[in-house]
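Welcome, and please open your viewer. We will go from stop to stop, selecting a few residues each time and looking at what is there.

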Amino acid sequence: AFSNSGWVFSESVPLDDTRRALEFAEAGDLEAAEDALCSSYESDRLSYLATMLRHTPAFKERFWQLQDVVALSQQQRFAASVPLLLIIADGVGMDYFKMSIFSQGVDVTELGSLAGQPDALPRLIKDMCRIRQALNSNEIRFPYRNGIIHGRDLNYGNRYVTAKCWSFLINISDVIRAREATKNRTPQPEPTVMEAFQSLSQTRKRSAELEVFEPRPVFAGSIDVLSDEVSFEDNTPELSVSSVLKAWNKNNFGKMGQMTVYYDNRPINL
């Protein structure tokens, strides 16, 4: 609905505003839809966005610029805020991607990020870099970087272009964070032949168990799971619930911690 208008959706996009925008778009009111999207990058939200960007590599050194552009945007000085947002994006590209974010050949594709999909941020950058040679005094709502920076599109100072430039920075940040997460991910070793056979054996065993599985009859009564006189079969949900509640009843939080899903991956805070 919005790919031709300069918007890219990623993990950091506020969901409520996005839902409202899609509702307006489905009703045919694209003006109201863009207004809803703009509200995600205005007023008090900008300080939060600047702080969030600060924690992404290559944005930290530009936090003072982000603070300046927050003030400019909140004062609705859009003609000044838009070029500064584009300058920040350009500098982040040089620092992180080793070339301008607007350079031909910059690789912002990152399959681990919504913004990094081939038809998202890469496509937006291509559209932003369209050559704009003719002098244009009419209002634009698309962030044409080439026309704005080179003085060909004069009437760019509005909330729409400003919000889309803020959105542009957020999407660059999402791609960078996804790429860093991929770099830092511990590679999983290839399974040995023996491990592969064991995995296949377990899979076949589970398949055989599923073939003979029959649901247990529904029990409509009540059970005192804390009673020591009540016993449960091994590997049943009832036994697990009983064990957790008995531990909770005795303030044995270590026992409860050992039964959590992520017990092996983090310490237990007793």
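**First stop: helices 4 and 5.** Select helix 4 (residues 63–74) and helix 5 (residues 78–97), whose axes come within 8 Å and cross at roughly 155°. Axes here are lines fitted to C-alpha atoms, for helices over the stretch in contact, and angles run from 0 to 180 degrees between N-to-C directions. Helix 4 is therefore roughly antiparallel to helix 5, a label for angles over 145 degrees (under 35 is roughly parallel, 65 to 115 roughly perpendicular, and the rest oblique). Helices (H or I, at least four residues) and strands (E, at least two) are DSSP runs, numbered from the N terminus.

Before going on, a word about the model. It is a predicted one, in which local features need pLDDT of at least 70 and side-chain atom pairs count only at pLDDT 80 or more, while totals for chains, interfaces and linings use all residues. Residues are numbered from 1 along each chain as its sequence is written, and side-chain values use heavy atoms, with hydrogens and water left out.

Now show the side chains between these two helices. On helix 4, the contact (heavy atoms within 4.5 Å) is made by Gln65, Leu66, Asp68, Val69, Leu72 and Ser73. Helix 5 contributes Phe78, Ala80, Ser81, Leu84, Leu85, Ile87 and Ile88. Colour them by type and you will find nine nonpolar, three polar and one charged. Ala, Val, Leu, Ile, Met, Phe, Trp, Tyr, Cys and Pro count as nonpolar, Asp, Glu, Lys and Arg as charged, and the others, Gly among them, as polar.

**Second stop: helix 3.** Keep helix 4 selected and add helix 3 (residues 45–54); these two pack at an angle of about 165°, with their axes 10 Å apart. Helix 3 is thus roughly antiparallel to helix 4. Which residues of helix 3 meet helix 4? They are Leu46, Ser47, Ala50, Thr51, Leu53 and Arg54, and across from them are Phe63, Leu66, Val70, Ser73 and Gln74. This contact divides into six nonpolar, four polar and one charged.

**Third stop: helix 2.** Select residues 30–38, which form helix 2, and pick out its buried residues: Ala32, Ala33, Glu34, Ala36, Leu37 and Cys38. Buried means under 20% relative accessible area, exposed over 50%, and partly exposed in between (1.4 Å probe, protein chains only). Their cover includes helix 1 (15–26) and helix 8 (159–184).

Zoom in on Leu37, which has a relative accessible area of 4%. Not counting residues up to four places away in sequence, Leu37 touches Phe2, Trp7, Phe9, Asp17, Thr18 and Ala21. Its C-alpha atom is 8.4 Å from that of Arg20, 17 residues apart along the chain.

**Fourth stop: two cysteines.** How many disulfides does the structure hold? Zero, where a disulfide is a pair of cysteine sulfur atoms within 2.5 Å. Select Cys38: the nearest cysteine sulfur, that of Cys165, is 11 Å away. Cys38 is buried, at 0% relative accessible area, and Cys165 also counts as buried, at 1%.

**Last stop: Gly221.** Go to the loop between helix 9 (193–211) and helix 10 (237–249), where Gly221 lies. At 49% relative accessibility, Gly221 counts as partly exposed. Draw a line from its C-alpha atom to that of Val8, 213 residues apart along the chain, and the distance is 54 Å.
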